[in-house]
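Here are two short exercises to work through with the model open. Try each one before you read its solution.

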Amino acid sequence: MGFKPFIAIGHGVTTENKWDPGTVWENNVEADIAKIIVGGILEVFVSNGKDYVTDYPENDMNIIECVESANKRGCTHYVSIHLDWEKAESGMFALYVSDAGAALGADIRNAVTSRMDYIDKGNRYQDDYEVTGTLMEATIFEAGSIDDDGQFLKDNGRFFGNCIAYGIMDRAGENYKELDGSVVVAPSKPENKPESSGKIEEDGKWGSDTTSKAQNKFGTPVDGVISGQLESCREYICEDYGTFEWDNGDGSPFISALQRLIGANDDGWFGFESAVKLQTFLKVPADGYIGPVSVLAFQKWLNS
Ligand SMILES: [Zn+2]
């Protein structure tokens with residue numbers, strides 16, 4: 001299978017073919033900034049002679065047409081560039097529905113953070129059309145907050161886009177030459193370098209990196225997602241960075257393993273009892289509500 005990514009500028013036209021700028025804040029327009037970033041992605045593919053399909057620069061295809069076109073033309077990867085609204089916290093994250101989509105998102109985020117100083121908010125499971133409408137590796141890439149990051153991305157969007165292109169090629173195992181001349185041959189795929197291998201950032205935020213690291217430590221499948229959790233237990237996680245799935249499912253094998261360690265009932269659902277036992281284990285105040293203090297202690301334990 002060859003390498004042929006579809007790179008979409010998020011928004012542009014609605015399914016009724018009306019103009020859709022996406023989210024707008026002061027002079028920052030989602031579709032305009034996404035277009036700068038896509039320009040940066042494509043310039044890397046052009047300089048490396050890679051095949052691709054895109055709605056750049058016209059941005060005249062709605063999301064149904066983008067996904068259909070990617071499917072019909074045999075694309076291997078689908079990446080749609082978006083920005084989040086003004087209430088979103090600064091930083092990027094990748095939306096996915098499949099494991100391969102999550103791996104693609106992780107490689108893109110890694111390619112950005114290894115080349116520039118930018119906040120990484122991890123991967124998030126979210127079943128939006130652009131990722132559910134295709135079986136290829138797909139991510140809706142939220143490049144940043146329209147408010148906090150809009151101006152930065154207007155100024156640095158091309159380089160940010162370059163990094164995204166490197167990440168897509170890292171994921172695909174494609175050889176490439178960066179625009180500054182450095183050569184990357186046969187980049188290792190995420191299967192070979194799980195994001196859980198190194199130390200995680202000790203920032204008190206329980207995101208997918210923390211979960212991946214923990215899954216790796218407990219030897220349960222590493223996907224950065226705590227699946228099958230009970231909606232009624234959501235309150236015990238003070239700030240949710242998208243790693244918990246509150247879908248009233250069967251529980252998470254990783255949580256069961258954690259529960260066995262901390263002496264809680266190993267039903268796979270993280271609730272009040274697990275919160276208290278985890279806090280006791282971590283020697284932080286055991287009030288049953290997992291917030292930055294508990295998460296920081298958990299991250300330090302994971303890194304130790
Ligand atoms: Zn959007």
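Domain bounds here come from an automatic or database domain assignment. This is a predicted model, where local features need pLDDT of at least 70, side-chain atom pairs count only at pLDDT 80 or more, and totals for chains, interfaces and linings use all residues. Residues are numbered from 1 along each chain as its sequence is written.

**Exercise 1.** Find how far apart the C-alpha centres of domain 1 and domain 2 lie, and what builds the domain 1 side of their contact.

Solution. Start with the split: domain 1 covers 5–184 and domain 2 covers 208–303. Their C-alpha centres are 30 Å apart. Next, the contact (C-beta atoms, placed from the backbone, within 7 Å) takes eight residues from domain 1 and nine from domain 2. On the domain 1 side, helix H3 (99–113) and strand E9 (120–125) each give at least two residues; helices (H or I, at least four residues) and strands (E, at least two) are DSSP runs, numbered from the N terminus. E9 brings the largest share, five residues.

**Exercise 2.** Work out how H3 is oriented against helix H5.

Solution. First get the geometry: the axes of H3 and H5 (residues 150–172) come within 7 Å and cross at roughly 135°. Axes are lines fitted to C-alpha atoms, for helices over the stretch in contact, with angles from 0 to 180 degrees between N-to-C directions. So H3 is oblique to H5, as angles under 35 degrees count as roughly parallel, over 145 as roughly antiparallel, 65 to 115 as roughly perpendicular and the rest as oblique. Finally, look at who meets whom: H3 residues including Leu104 and Ile108 meet H5 residues including Phe160 and Ile164.

Technical notes: Contact = placed C-beta atoms within 7 Å.
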